[in-house]
Each structure stands twice: as structure tokens, then as C-alpha cells.
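Work through the exercises below with the structure in view. Try each task before reading its solution.

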Amino acid sequence: MEQKDTRSGFGDALYELGQEDEKVVALCADLTGSLKMTKFKDAFPNRFFQVGIAEQNMMGIASGLATSGFIPFTGTFANFSTGRVYDQIRQSIAYSEKNVKICASHAGLTLGEDGATHQILEDIGLMKMLPGMTVVNPCDYNQTKLATKAIYKHIGPVYLRFGRPKWPIFTKETDEFVIGKAQKLAEGTDVTILATGHMVWQSLQSVEILEKEGISVELLNIHTIKPLDKVAILNSAKKTGRVLVAEEHQKSGGLGESVASLLSQNYPTKMKLVGVNDSFGESGKPLELLEKYGLSVSDIIQKVRSFD
Amino acid sequence: MNVSLQQLNKIASQTRRDIVRMVHAVQSGHPGGSLGCTEILVYLFNNYLKYRIPNHQNGEGEDVFILSNGHISPVFYSVLARVGFFELDELNTFRKLNSRLQGHPAVKEKLPGVRVATGSLGQGLSVGIGIAEGKKLNNDNRQTVVLMGDGELQEGQCWEAIMYAGHNKLHKLLAIVDFNGQQIDGATKEIMGFNELKSKFASFAWETYEMDGNNFEEIHRTFEEQKSSDGNKPRVIIMKTEMGNGVDFMMGSHKWHGIAPNDEQLEQALQQNPETLGDY
């Protein structure tokens, strides 16, 4: 299977958007190559703003550009796109209702060797708590490309989360991508898996193995964490009665908590979570890290098997 | 000047009445900095900035003003109302439930004249840079003017923004620093002094000006001077003001940063600032 990093999906789509619309502008805090924004920068130098290592200023400038009617895409690592600049996003973007697209690479454990200083596992929680913020976490290169184009059309602040490693491309360029609408990747009756980001691929691998054991799994790709596709999740929970959530994030504050809140208030369902358990990460290779922190394919399989 | 000195003084007196009455009515808000910035805001909106009413949110073809030190909202709201952005009557709603006049300026309630929420300090200059960059892309020659407090410059983000504007030669950006030397906990030089503020800006490649911010003639001279400069650097006016200016018992003290006058103090303050244009 072809592999590509999700950040390249962002960079390629940003370049295409730049060609289509002169209102698209991009900002970067000294990570142009890492964010795959070089093509945009070279093609539209006057619409590219290099801010240096100054993320707070970047968020403010993006707010001002949005005020002037432009559609700014900010690019830096997820850690510096959220925690580092939380108050700037809260006041100058979210509360000020600015049409800024906060695009964040190197999210989660799978950024690998740089270690815990850069492996943010709290960003989904931080962003989903902000009123009016849309939170999107696509699963592969093709979907990140589609998601980048979709958030361009959406009016309002968006947090787009993607990653560093090469990852299998298993969705199609022609797939439908609608913000807030879950993508069904497997139809099943025994257990529902709700996965987001890189964990969709991990979950997809587990589905095949579980099917062979006679466990019928329904897999939904929850690429949009906010707004949550409540209808799709509730329908699937009603069908299977068992829900496992898989995400490359702290269990606290992530997709799992959003789903638990939805189900406990509407259709209490047995749930299990695959995610990081109140811990920082460390240096290592992406797959090694997923295994050590309980996010491997076999972790998913074991948790599914252990449902009553 | 487009407006006579006499008229500006009249507006200032009335604005000071508005400020103390608004803050007194809800027993909360920030009179000190508001009174100190009365002349600059009256001057900007009556004699300097080019804007439309209702203005376009994107500010195209207009000078754009950002109040970065959002806590001096009373003076901002009074000036906006008195130049016609909204009805004077609405000043009665300041800081009350369901009001467009939030404690700190906000956009959610769609108050005309406000383009970004401010109050968490240190963010307005960055937003102003974004607007100035937007104007450059749009070939719009108008200025972006950001008013900041001096204490606010203790926020690191300000220096990120100052560095960016100097590096990128944003000569259509004008920052005004309200140098009243006071902040909540005491004198700025005691809390976290700047030593040489002017030379700091200059070393970041800004064109610098200084003036007495409570004197209309000096304000006018300084604004004309910076306007006629053909330099390609961003501009800053370091403006000496007196916190609480115009109300003798509030003047020069940090104690009136964020507290409201009682009934008796209100009367005294109003006696010192005659009603010139009709109270709201």
C-alpha cells in the first residue's frame, strides 16, 4: 500500500487553494519545510507570511488578516499551534469569531524521536472546548487533502490536526468529505469502533483480524471531533451495543470523552477507550511508541475481544 | 485641525463625564486609564481617522483602530457613541447583562466600531499587523492605528510583534503607547520598568515620536509630523499621560486603575468636567 505523510496532504491542498483563490494566505513560524508549505511559499510569496519563532504573534496576525477578509492558514507543530498560543486563539480568534484555519502537524506520539516536548496529546481537548471551534483530524494523505479543502469552504475558526510519519493511504481522493459527517469504513453488528487520525488505519487492520474470529466490527472514521456526528454514533451504538474509541491523544479530553458524554446522556452503552493514559510520551519510532503506550493493533483487538 | 481646539475640549469634558458616570453606574470598570486616554481617543475619532459609519468590518478604504488595552472600554464606548456608531442611550447598558457594551470590547454582540476582542493584554498589535498586511495586499493606503498600555508592553507577544513590524517595514502601522507609568500593582518602573522605551523601539527599526497625550495641540503637531514622514518604518508615538487626568483626586495614582467612584466622588468629578454636549 502506498504511504505518504498526512502533512503533505495539507501542503498539496494549500498550494491548490492558493491557485484557486487570492484570498488564501498562509503563515508559518519557521517550519515551512516541516509543514510542507514550501510550494505555497514559492508560488505566492506575497501571500506567505514568515513570522519567525513567534507563534503568539502569528495567531494575532492571522486574526488581523481574517478581519481584512483573507482566509489565513497558520502552520506549525500541534504543540505550538495550541498550548503555546491558547489565549491568543481564545481571545483574538475564537471569541473574536475570526475565520482562521489553525493547521497543526506532528500531533501525537507518532512524531517519534523528538520526544515528549513535541508530542502533544492534549490538543484535541484544548481546541474542542473553545466555543465555535471546529476540530478536524483526518486519517491519511488523501483525506487530509480533502479536509484542507473542506475547512477552506467552512466559515469560522478550525483546528486541523495531522501528523509527521508516512502512513498508509487507504481512502480515495474521490471519497466524500463532509465536516461533521462520520465515514463508515466497515459495516458490522457486534462492536463499533470509532477512530480518528492515524488510529483509523490501526483500527482498520484490527477489523480484518476480528472478522476472521467471527466478531463483526463496524468502523466509523470520526474525522471531525467537533461537531460530532451524533446521529451516526448513536445509530451504530444502538446496533452493536458496544463502542470502542481509538485516538492518538490523552483519554482525558479526547474523542472518547466526547463520545462518552453523548452516549451516557442519550443511550448508555458499554465503552472502552484506546488512547494515552494520563502520561507524556518519549523518544522512539512511531510504531514502537504506539505499542508501548497501548495504541497498537493488538491493543485494539484485545479490548474488542474483552467486551462482554 | 478639522475640528477646533475649543470643540475638542468640549468633547473631552463630556467624554470624561461619560466615563465616570458609566463606571459609577455599575460600580465597576477602569476610570484611570480611560480618563488619561480621553484626549487621544477624542482626537483620533474626531480629527484624524478616516472611517465610515456604519463601517465595514474588513476596514477596506478606512483607517482601522484597535484598542489593545481593552480595559479602557469606557472612553472607547463614549467616543464611539458620540461620533455616531451607536445611540448615546446605549452607554446606559455598559457592563450590564445582555449589553453590547461588554466589560472589555468584544465582537460577538456586534457593537459597531469594534473589530476584535481585546482585554487579555498584549494581543492588539499583532492583530493590527495582520490588518496592515491585509491592507498591503489590497493596495489600500490607509493606516492601522493600535493603542496600547505601557504595562501591556511587559507581555512577550508585544515584542514578537514589534520585531515583526520593524523587520517587515510596516510603515502604515502606527502604535501609540499610553505611557502613564502606572499599573494595577503600582508604578510601572517599580513593577517591571522599561528603562529606555524609545530606544528599544528604535533598535527594533521603528520611527519614534514622543508627546504629551493630554494636550490636543501637541497631539495634533505629533500626528501631522508622523503623517508627513516618508520613512519606511513602522511608527510609534510614546504618549505621556496622567492616569485619571481631569479628575483631581484620581490623577497620577494607580489606585484608580480599576475602581469606581462613590456618589460623592462622582459629584466632585462631574463638577470638574462641565456638561458641554448633554449627558447620555
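**Exercise 1.** State which residue follows α8(A) and find the sign of its phi.

Solution. Go to the end of α8(A) in this predicted model. Gly214(A) follows the helix. Its phi is positive, near 90 degrees.

**Exercise 2.** Compare the reach of helix α8 of chain A with the expected span.

Solution. Start with the range: α8 covers residues 199-212 of chain A, 14 residues. Next, take the expected span at 1.5 Å a residue, which is 20 Å. Now go from the first C-alpha to the last: the helix reaches 21 Å. The two values are close.

**Exercise 3.** List the buried residues of α8(A).

Solution. Apply the cut-off: buried means under 20% relative accessible area. Begin with Met199(A), Val200(A), Trp201(A), Gln202(A), Ser203(A) and Leu204(A), which are among the buried residues. Then add Ser206(A), Val207(A) and Leu210(A).

**Exercise 4.** Decide whether the radius of gyration of chain B agrees or disagrees with that of a compact globule.

Solution. Count first: chain B has 280 residues. A compact globule with 280 residues would have a radius of gyration near 19 Å. Chain B has 18 Å, so the value agrees. For the outline, its C-alpha atoms fill a box of roughly 50 × 45 × 35 Å along the principal axes.

**Exercise 5.** Describe the make-up of chain B: its elements, burial and contacts.

Solution. Elements: ten helices and seven strands. Burial: 58% of the 280 residues are buried. Contacts: take those between residues at least 6 apart in sequence; 75% of them join residues at least 24 apart.

Definitions and conventions: Residues are numbered from 1 along each chain as its sequence is written. Chains are lettered from A and ligands numbered from 1 in the order in which they are written. This is a predicted model: local features need pLDDT of at least 70, side-chain atom pairs count only at pLDDT 80 or more; totals for chains, interfaces and linings use all residues. Side-chain values use heavy atoms; hydrogens and water are left out. Helices (H or I, at least four residues) and strands (E, at least two) are DSSP runs, numbered from the N terminus. The radius of gyration is taken over C-alpha atoms; the globule rule is 2.2 Å times the number of residues to the power 0.38. Buried means under 20% relative accessible area, exposed over 50%, partly exposed in between (1.4 Å probe, protein chains only). Contact means heavy atoms within 4.5 Å. The expected span of a helix is 1.5 Å times one less than its number of residues.
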